[in-house]
Amino acid sequence: MTRASLDKQPHEVAAMFDDVAAKYDLTNDVLSLGQARLWRKAVAQAVGARPGEKVLDLAAGTGTSSLPFVVDGAYVVPCDFSVGMLREGKKRNPWMPLTAGDATRLPFADGVFDAVTISFGLRNVQDTGAALREMLRVTRPGGRVVICEFSTPTWAPFRTVYSEYLMRALPPVARAVSSSPDAYVYLAESIRAWPDQPALAGLLQEAGWSKVAWRNLTGGVVALHRGTKPEA
Ligand SMILES: C[S@@+](CC[C@H](N)C(=O)[O-])C[C@H]1O[C@@H](n2cnc3c(N)ncnc32)[C@H](O)[C@@H]1O
């Protein structure tokens, strides 16, 4: 079993997701206590895809995070660098244009997408800034980005309870439901080490995104950051 560490070596991250692919979506639902579905709805609302728009869902895994955009009538390209996750997605939804690609070297031309989104993926990318700049490159001027990622709960007492959940309850629950429990130790560690809401907003701005703002979900367990590519 491959377990990534906080230096996020790309081959280790990809191999870790290859290993969890078969049970990934089920484990997600259990560990998020059912919140994952609500978070996905909020992402779709924030992206606001219109029929015919081209949406890149980066680090799409099995493509579950891409489905809401299909429902909205957009043309969505799910892209990920774990072939195991892509294969699992292809089994379930053979019609999806699942694409292999690394977030820091995207296999797309400049300015081809109306919107780029990434759910629970950016935290796993070794070079956050490089991914944010690549996302900007493939977005058309005036297009938008939406990032859905674990973040920092805003209410201090809840923050403490949540941190305990991550470090104490999550690993045993993961052991019970997942075939690769070590991956969920990495999950807990990587969430704790991830920038909080203002810090991630700063990284988006540094990468060249404008009109950056965020919205907290589930008390800040998750944050949706959004930004716009400046018109040329
Ligand atoms: C936690 S899963 C999220 C999958 C999906 N977006 C969802 O919401 O269920 C994270 C995904 O990020 C992918 N990933 C991590 N680093 C990546 C990179 N540099 N390029 C492309 N995909 C990457 C992993 O392979 C994995 O499938």
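Does Asp102 count as buried or exposed, or as something in between, and how many C-beta neighbours does Asp102 have inside 10 Å?

## Asp102 in the predicted model

In this predicted model, Asp102 counts as partly exposed because 19 C-beta neighbours lie inside 10 Å, whereas a residue is called buried at 20 or more. Asp102 is found in the loop that runs between β3 (99-100) and β4 (113-119). When residues up to four places away in sequence are left aside, Asp102 touches Pro10 and Phe81.

## The shell around the ligand

The ligand is surrounded by 21 residues, and those that come nearest are Ala59, Gly61, Ser65, Ser82 and Ala103. Sorted by class, this shell has 11 nonpolar residues, 8 polar residues and 2 charged residues. Helix α1, which covers residues 10-20, supplies the largest share of the shell, with 4 residues.

## Positions listed in the record

An unreviewed UniProt entry lists Thr62, Asp80, Asp102, Ala103 and Ser119 under "binding site". Of these names, Ala103 also appears among the residues that come nearest to the ligand, while Asp102 is the partly exposed loop residue described above.

Thr62, another position in that UniProt list, lies in the loop between β1 (54-58) and α4 (67-71). Thr62 counts as buried because it has 28 C-beta neighbours inside 10 Å, and the threshold for that class is 20 or more. Leaving out residues up to four places away in sequence, Thr62 touches Ala21, Tyr24, Asp25, Met85, Glu88, Gly89 and Arg92.

## Strand β1 and its partners

The strand that precedes the Thr62 loop, β1 (54-58), is mostly covered, with 5 of its 5 residues buried. In a regular strand, side chains alternate between the two faces of the sheet. In β1, Lys54, Leu56 and Leu58 point one way and Val55 and Asp57 point the other way, and all of them are buried.

Strand β1 is joined to β2 (residues 75-80) by 5 bridges, and the two strands run parallel; within this pairing, Leu58 stands opposite Cys79 of β2. A further 4 bridges join β1 to β4, and these strands also run parallel, with Val116 in β4 as the bridge partner of Leu56. Strand β1 is thus paired with β2 and with β4, and β4 (113-119) is also the strand at one end of the loop that holds Asp102.

Note on methods. Residues numbered from 1 in each chain as written. Predicted model: local features only at pLDDT ≥ 70, side-chain atom pairs only at ≥ 80, totals over all residues. Near = placed C-beta within 6 Å. Nonpolar A, V, L, I, M, F, W, Y, C, P; charged D, E, K, R; others polar. UniProt positions renumbered as here; feature names shortened; annotations may be inferred. Buried ≥ 20, exposed ≤ 12 C-beta atoms within 10 Å, placed from the backbone. Contact = placed C-beta atoms within 7 Å. Pairing = 2+ DSSP bridges.
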